Amino acid sequence: MSKFDHERVVIHTGPRSGLPVIVAIHSTVLGQAVGGCRVWHYGDWHEALTDALRVSAGMTAKCAVAGLANGGGKTVVALPNGMRLDAAQRRNLLHDVADVIESLDGAYATGPDVGTTPVDMAVIGDRTRHVFCRPQEQGGSGDSSPHTAAGTLAALRATRRHLHGASKLQGCRLAVVGLGGVGEKLARMLAAEGAQLQVSDIDQAKRVLADQLGAAWIDPDEALTQDVDILVPAALGGILTQQIIPRLRCAAITGPANNQLATPEVAELLHQRGILWVPDYVAGAGGVIHALTVELHGGTRDEAAARILQIENTVHTLLATAASAGITPAQAALESVQHRIKT
Ligand code: PHE
């Protein structure tokens, strides 16, 4: 039986929406737990709970490696498959979420995640102050996705340097899998750097973006197994499974999607295949670094941007440490998390 290592998990049926609202607080050892609010479709609420447990633990690691004085948590709302929310239902749901967060007395604060936006954060902000990334006009730090993309770009430079000796991404063969808020911005940045880009999304309408960027479009089914230098997972988690490992044709994997490994053992399998995996929580920390530096720790936007660029150094050090110790980058990152949290 796996060990339950979360501080607190609450599941409320939202009185207005009738939907299960799950808040998982993994750790507050370093400070207030933070993590976005995910509103997504699941087979049932058990699946949503599993997701919440995993991604909240991921947030603890993300904050620890980024040097933030915060712990990890996450909110997950399980929408039944196929359910669409109209404006009134959405508002009711967000108020339900806000009331659960408010009941936790500041142990946890939320932000945007898959399926939510800064405007949604403002609605949550009607009923609790423990919310990041409201629109700037409303006093928040706004959309975190450009900052997550900037941080991933920094991580990609370090990966490129580790593979080929220089960090320039021009000519680097990359496949960006997922063109949502972060993926699209990252693809734009990479195209501007002159990378040789392939892109993919489950939404065929995103093909227009591929054409705009001069990127090759790949079918989602084949996106992970392209012959590229670096694979960039930028959609939902769990995509790196034991089954897919033998079919991968990339030299490295560095992307912002949270919880990319289907199971922790996959890190070792990737290592055995000689594929470098940069932990998602290191590459994807830009958004949370920006929001927390500006809104919680009193820093300026320039300070936040400088901290985000530091991700290049963090990844460089991580890869060098892992290589010299003969361990996986995942193991090296975990050791640095444990060192900070001292568990
Ligand atoms: N979705 C963000 C992440 O996974 C969560 C977040 C962003 C939380 C900004 C707080 C502030 O890192």
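Let me begin with a definition: a polar contact is a pair of N or O atoms within 3.5 Å. With that cut-off in mind, please note that the structure shown above is a predicted model.

I start at the ligand. In the side chain of K62, an N or O atom lies 2.8 Å from an oxygen atom of the ligand, so this pair falls within the 3.5 Å limit and counts as a polar contact. The backbone contributes as well: a polar backbone atom of P112 is 2.9 Å from a ligand nitrogen atom. For N258, the distance from a side-chain N or O atom to an oxygen atom of the ligand is 3.1 Å. As for coverage, the ligand on its own has 330 Å² of accessible area, and the protein covers 92% of that.

Which residues surround the ligand? Besides K62, P112 and N258, the residues around the ligand include G36, M59, K74, D113 and C133, together with V288 and A291. In terms of secondary structure, helix 1 (45–65) and helix 9 (286–295) each provide at least two residues of this shell.

I turn now to the nonpolar interior. In soluble globular proteins, nonpolar side chains tend to be buried together. Here, the largest nonpolar core has 58 residues, and L174, L190 and V199 touch the most other members. Domain 1 (8–138) and domain 2 (145–286 + 296–302 + 311–341) each give at least three residues to this core. A second core, separate from it, comprises 23 residues, among them V10, I25, A33 and V100.

Finally, consider V199 in detail. Setting aside neighbours within four places in sequence, V199 contacts V176, L179, A187, A210, A215, A216, W217 and I218.

Conventions:
Residues are numbered from 1 along each chain as its sequence is written. This is a predicted model: local features need pLDDT of at least 70, side-chain atom pairs count only at pLDDT 80 or more; totals for chains, interfaces and linings use all residues. Side-chain values use heavy atoms; hydrogens and water are left out. A nonpolar core is a set of buried Ala, Val, Leu, Ile, Met, Phe, Trp, Tyr and Cys residues joined through side-chain atoms within 4.5 Å. Buried means under 20% relative accessible area, exposed over 50%, partly exposed in between (1.4 Å probe, protein chains only). Domain bounds come from an automatic or database domain assignment. Contact means heavy atoms within 4.5 Å. A residue is near a molecule or strand if one of its heavy atoms lies within 4 Å of it. A polar contact is a pair of N or O atoms within 3.5 Å; within protein, one must be able to donate a hydrogen and the other to accept it, and residues adjacent in sequence count only if both atoms are side-chain atoms. Accessible areas come from the Shrake-Rupley method with a 1.4 Å probe; for residues, only the protein chains shown count as cover. Helices (H or I, at least four residues) and strands (E, at least two) are DSSP runs, numbered from the N terminus.
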